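Biologist: I'd like to go through this model with you and ask how each label is earned. Shall we start with how two of its helices cross?

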Amino acid sequence: MTTMRMTTERQGGTAGTDGTAGVTVGAACLAGPALMAGYGAVRLVGRAVGDYGPGVWWTTAHLLFLAGVLAFVPVFLGLRRLAGVRGGRRVAVEVAAWAGLAGAAAVAVQAVIDLAVGFVAADKHAMGEIFERVQDVPGVMPLVYTVVPMLFWFGLLGLVTLLAFFRRDLVRAWAPVAVLAGVVLAAVSLDLLPVGALCIGLALLPVRRSQ
């Protein structure tokens, strides 16, 4: 199961809006992890009541999932802007940010497919058959499910790690460890996604407070 513009920013103090639909970086740093955690929580409830297939639980969870991924768009763009570095450091920041954006695009497509399948399928068996047909299309698996989506997590981890070195006033030294923990938890099991999202939210909290 289971995109994110640049202006020059001064080196310290508070920052304004990221310029993406008027959403502030700080608000996005809160919304992204919270929505991801919401997706994980709704998924767990739906599975617990035995009704996690076509229907309200599936649709609600995946709407939260899609909204959460999209909320990370201004996070990537805002951290990219706030880095305030040049030369080789700028190249590293750009690579991490655009990798994350590419991954976010893939994950968003994945969420849209999940929502569409949930709307058209009559039951879980039908969902499985539709997913199999979609994933059998050449290129779909690496582009939407396996390879490119991982860039979302790697890009986020890379960007937070870089800013932990370049902007210690915004990103704390422990933040990369928290993000890594969140990524590992989500990779181990989606059941752990609420906790993983909390780890990522804690890593981004100092950025949110600075806005």
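Modeller: Sure: α2 and α3 make a left-handed crossing. Keep in mind that this is a predicted model, where local features need pLDDT of at least 70 and side-chain atom pairs count only at pLDDT 80 or more, while totals for chains, interfaces and linings use all residues. Residues are numbered from 1 along each chain as its sequence is written, and side-chain values use heavy atoms, with hydrogens and water left out.

Biologist: Why is the crossing of α2 and α3 called left-handed?

Modeller: The rule is that the near helix is turned anticlockwise from the far one by less than a right angle; clockwise would be right-handed. The crossing of α2 and α3 is on the left-handed side of that rule.

Biologist: And what makes something a helix here in the first place?

Modeller: Helices are DSSP runs of H or I with at least four residues, strands are runs of E with at least two, and both are numbered from the N terminus. By that rule the protein has eight helices and two strands, in the order β-β-α-α-α-α-α-α-α-α from the N terminus on.

Biologist: At what angle do the axes of α2 and α3 cross?

Modeller: Helix α2 covers residues 56–82 and helix α3 residues 87–120; their axes come within 9 Å and cross at roughly 165°. Those axes are lines fitted to C-alpha atoms, for helices over the stretch in contact, with angles from 0 to 180 degrees between N-to-C directions. Angles under 35 degrees count as roughly parallel, over 145 as roughly antiparallel, 65 to 115 as roughly perpendicular and the rest as oblique. That makes α2 roughly antiparallel to α3.

Biologist: Which classes of residue form the contact of α2 with α3?

Modeller: There are 21 nonpolar, four polar and five charged residues. Nonpolar means Ala, Val, Leu, Ile, Met, Phe, Trp, Tyr, Cys or Pro; charged means Asp, Glu, Lys or Arg; the others, Gly among them, are polar.

Biologist: How do you know how α1 and α2 run relative to each other?

Modeller: Same recipe. Their angle is about 155°, with the axes 7 Å apart. So α1 is roughly antiparallel to α2. The α1 and α2 crossing is left-handed, and their contact has 21 nonpolar, seven polar and two charged residues.

Biologist: And what makes α3 and α6 roughly antiparallel?

Modeller: α3 packs with helix α6 (residues 150–166) at an angle of about 150°, their axes 7 Å apart. The two are therefore roughly antiparallel, and α3 passes α6 in a left-handed crossing.

Biologist: Now the side chains. Why is the Arg43 and Asp191 pair called a salt bridge?

Modeller: A salt bridge needs a side-chain nitrogen of Lys or Arg within 4 Å of a carboxyl oxygen of Asp or Glu. For Arg43 and Asp191 the closest N and O atoms are 2.6 Å apart, and the pair counts. Arg43 sits in helix α1 (residues 25–48) and Asp191 in the loop between α7 (175–188) and α8 (193–210), so the pair ties together parts 148 residues apart in sequence.

Biologist: Are Arg43 and Asp191 buried or exposed?

Modeller: Buried means under 20% relative accessible area, exposed over 50%, and partly exposed in between (1.4 Å probe, protein chains only). Arg43, at 10%, is buried, while Asp191, at 33%, is partly exposed. Overall, 49% of the 211 residues are buried.

Biologist: How many salt bridges are there in the structure?

Modeller: Four. Among them is Glu94 with Arg80, whose closest N and O atoms are 3.0 Å apart. Glu94 lies in α3 and Arg80 in α2, so the pair links parts 14 residues apart in sequence. Glu94 is buried at 17%, and Arg80 is buried at 7%.

Biologist: What else does Glu94 meet in a salt bridge?

Modeller: Arg90, at 3.2 Å, N to O. Both lie in α3, four residues apart, about one turn of the helix. Arg90 counts as buried at 13%. Salt bridges that share partners join Arg80, Arg90 and Glu94 into one network.

Biologist: Last one: how many disulfides does a search of the whole structure find?

Modeller: Zero. The test is a pair of cysteine sulfur atoms within 2.5 Å. Among the cysteines, Cys29 is buried at 3%, and Cys199 is buried at 18%.
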